[in-house]
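The following exercises are to be worked with the sequence and the model in view. Each task is followed by a solution in steps.

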Amino acid sequence: MKYKILSIICLLFLIIYQTGCPACAKCEDSKKIISITKKVIKNPTEQNINSYISAMKKRVLYHGIKQDHEAQADDIRSILYFLRKNKKSEEYIKYYQKLNATYNKLGFKNNQNNRLEIAKNLYLEDKLFASAYEFLELANEDYCKEICYEYLGDISQDFNNPEAALIFYKKSLEVEPANYCVTCKIGKIYKDLGKDEEAKEYFETTINLTEDPEILNFIVNIYEKEIKQKKGDETSYEILGLTYQKLKEYNKTYEIFKKAMQLKPDDIFLKYYLGNLLFDMGEYTEAIKVYNSIILNNPYETQIRIARAKSLKALNRANDAMKDYQVVLALYPDSKQAQLGLFKLFTGKKRPEDIVKLFYPLNKSFTPNANFYNNLAKTLYSNGLVADAISLYKASIKLEPKKVSSYTSLYKIYELEGKTADAYELSLTAYKIFPNNPEIKNMYNYSNKNVASQKNLLALSYMSNKEYDKAIKIYNQIQPKDASVYESISNCYKAQKNYKAAIEALQKAVKLDSVNSDLYYGIALLYLDLNSKKTAESYLKKAIGLDRKNLKARKLLSYLTQAEIDNKLDSAYAMYQKHDYKNTLIELDRAEKLYPNNPEVYYYKALTYNALNDLNNAYKFFTKTLEMDRSYYVSHFYMAEILEKQGKEKKALEEYERFLGADVQDEKMMKKAQDKVIKLGRKYY
């Protein structure tokens, strides 16, 4: 009879092992899920994808039973990523509806901004399929496409698909061409693919776009390594030199360029870079010598003449500089660089109209018209020559009083510069001439009703065109400012990567709206950009304290907390491996004080006490681990061993049974537990 009962028990264990225990199937970091995910990424066959979807469906059910709707939503997104190719299918619709149902249960505000933040957090958590689903959906909705495509490029890299990453990164650049992080990523991919010319192009663009030392040093490391391995050619030295120059490490730059010129002595661009280096070092006379040597054999190289003109200006040789600019304009009459250079030589010393007369000395028939003045004024204003720009717009209006664009362009400058009276007078003049023109009517109405809401609309239009400096100018004219105005100013600064100014603006917003959870979340993001994780965590806690349903803040705090715990546990585990149990416990005690609700800390404490043969403490902490998270089912195995040592064999049998009832991955542990169940089962069944 005893053996019959035992055989039934073993059969039950086999059934439980094959089907898995719902209570222990959770563990989202379990080896099984990680293994299936890796299989899909490495080899996305239909069979592997179907296995992954099947596993995720079980997790969706489990998280639903546990009412862990946040985890449930993440798993549903992962499923939808694979089902999205047929959005009309019953299965897609079913899980899409489930996702929306979890939003309702979470109280999640299902707007695009919140979804974007969730997508970013999912990426941080390595939930790549779920993250990719949200980014793809948002990009299809034309929401922040440049951000979505950049993340999709990053995800493609994680999927070991550089070709797809290139496509997404280039799509991102179509929206935001000046994103130097993306150009750098493209350069790195091309470098890894052995396409050196393409890599050079994108790295050069990156160097021109940014002064970010982290990005520049990243490029330095690539090419320094290449040169040390003696794989580099003059291109490697060229890029390395340009990067060091941008980092203002001029001595290194000089040595690098000399080596490059030894490899390719007739390369005029290398000489040009050397001249620019000397200019940056303030060695204007030496720079001019280099430029002269190039121009001697290449008299029509306009870029070299412009560079020489800048050096001549620095030496107060204005007339000599003027001649170089005039040569450039004789070759290329529309050269904005040369026109601007001439203006910078004489601004404040000559009338703008008189400076224009210096442009084409050989062309006696040249007479500027309204269009010429308008185009030049636009260039001058965008380069900070405000008074000259205003003067030329006025000259344009004087030449052609019925040209609408002259009035509207000048009016925008008055608005941006806060010249309200001038703007008003101009709108009156224009309205008398063009009473039926829609643009002029709007301008006139705006001047006569200059309220904050209209200023806000104007600023928003500048923001949509990524003209952030102009938007900030307009926002700063709004009086009094409310929290939303400061938030908008912060967004402008953030887009310019001026994180400190962005934080200051948001902190002003908080003073006016101290219960707005999203404002604290925004400040946390900015501190993360500044690598101030602890400060970011404090603001996330404030955000959650104000609104428990702020899911994006909760997810980000959870990720940061886990990352910090992982660092401490890595440190503790390194000591544990060296059998330095005393210091292991000291490190774990620190972790416990910081993160008293993290089961992993207690699990490692239990393991350490177990190694010290402190059975009572080991058992206590294994028990505490399971109280906090039942997915640490291995604790049952260790507890069973402790109970056996203490002579409590029946309780040990129960713990071995609980261990086998979980989704056991360790075959040796499983075999040992099965043997123990059979042995102890003979005694107690």
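A salt bridge is a side-chain nitrogen of Lys or Arg within 4 Å of a carboxyl oxygen of Asp or Glu. By this rule the count for the chain comes to 44 salt bridges. The model is a predicted one.

**Exercise 1. Overall form**

Task: Determine whether the chain is a compact globule or more spread out.

Solution. Step 1: the secondary structure consists of 38 helices and zero strands. Step 2: the radius of gyration is 34 Å, whereas the globule rule gives 26 Å for 685 residues; the chain is therefore more spread out than a compact globule. Step 3: along the principal axes, the C-alpha atoms fill a box of roughly 120 × 65 × 50 Å. Step 4: of the 685 residues, 48% count as buried.

**Exercise 2. A salt bridge in one helix**

Task: Locate the partners Glu117 and Lys120 and classify each as buried or exposed.

Solution. Step 1: the closest N and O atoms of Glu117 and Lys120 are 3.5 Å apart, and the two residues form a salt bridge. Step 2: both belong to helix H6 (residues 112-124), where three residues, about one turn of the helix, separate them. Step 3: buried means under 20% relative accessible area. Glu117 is buried because its relative accessible area is 7%. Lys120 is likewise buried, since its value is 17%.

**Exercise 3. A salt bridge between two helices**

Task: State which helices are linked by the pair Glu226 and Lys191.

Solution. Step 1: the side chains of Glu226 and Lys191 meet in a salt bridge, at 2.7 Å from N to O. Step 2: the pair links distant parts of the chain, with Glu226 in helix H12 (residues 213-228) and Lys191 in helix H10 (residues 180-192), 35 residues apart. Step 3: both Glu226 and Lys191 are buried.

**Exercise 4. Asp142 and its backbone**

Task: Describe the place, the partner and the phi angle of Asp142.

Solution. Step 1: Asp142 is in the loop between helix H7 (128-140) and helix H8 (145-158). Step 2: Asp142 forms a salt bridge with Lys145, the closest N and O atoms being 3.4 Å apart. Step 3: Asp142 counts as exposed because its relative accessible area is 56%, while Lys145, at 27%, counts as partly exposed. Step 4: most residues other than glycine have a negative phi. Phi of Asp142, however, is near 65°, a positive value. Phi of Asn316 is also positive, near 60°; Asn316 lies in the loop between H17 and helix H18 (318-331).

**Exercise 5. Surface patches**

Task: Identify which residues form the patch of positive charge and which form the nonpolar patch.

Solution. Step 1: Lys310, Lys313, Lys344 and Lys349 gather in a patch of positive charge on the surface. Step 2: one of them, Lys349, is in the loop between helix H19 (336-346) and helix H20 (352-356), and its 67% relative accessibility makes it exposed. Step 3: Tyr300, Val327, Leu331 and Tyr332 form a nonpolar patch on the surface, with about 420 Å² of accessible area together. Step 4: Tyr300 is in the loop between helix H16 (284-297) and helix H17 (302-314) and counts as exposed at 63% relative accessibility.

**Exercise 6. An unusual peptide bond**

Task: Find where the cis peptide bond between Gln479 and Pro480 lies.

Solution. Step 1: most peptide bonds are trans. Step 2: the bond joining Gln479 and Pro480 is cis, with omega about -10°. Step 3: Pro480 lies in the loop between helix H27 (468-477) and helix H28 (483-495).

How values were computed: Residues numbered from 1 in each chain as written. Predicted model: local features only at pLDDT ≥ 70, side-chain atom pairs only at ≥ 80, totals over all residues. Heavy atoms only, no water. Patch = residues over 30% accessible without salt bridge, like charges linked within 9 Å, V, L, I, M, F, W, Y side chains within 5 Å. Areas by Shrake-Rupley, 256 points an atom, 1.4 Å probe, with all protein chains shown as cover. Lys, Arg positive; Asp, Glu negative; His and termini not counted. Charge placed at Lys NZ, Arg CZ, Asp CG, Glu CD. Helix = DSSP H or I, 4+ residues; strand = E, 2+ residues; numbered from the N terminus. Buried < 20%, exposed > 50% of the residue type's maximum accessible area, 1.4 Å probe, protein only. Rg over C-alpha atoms; globule rule 2.2 N^0.38 Å.
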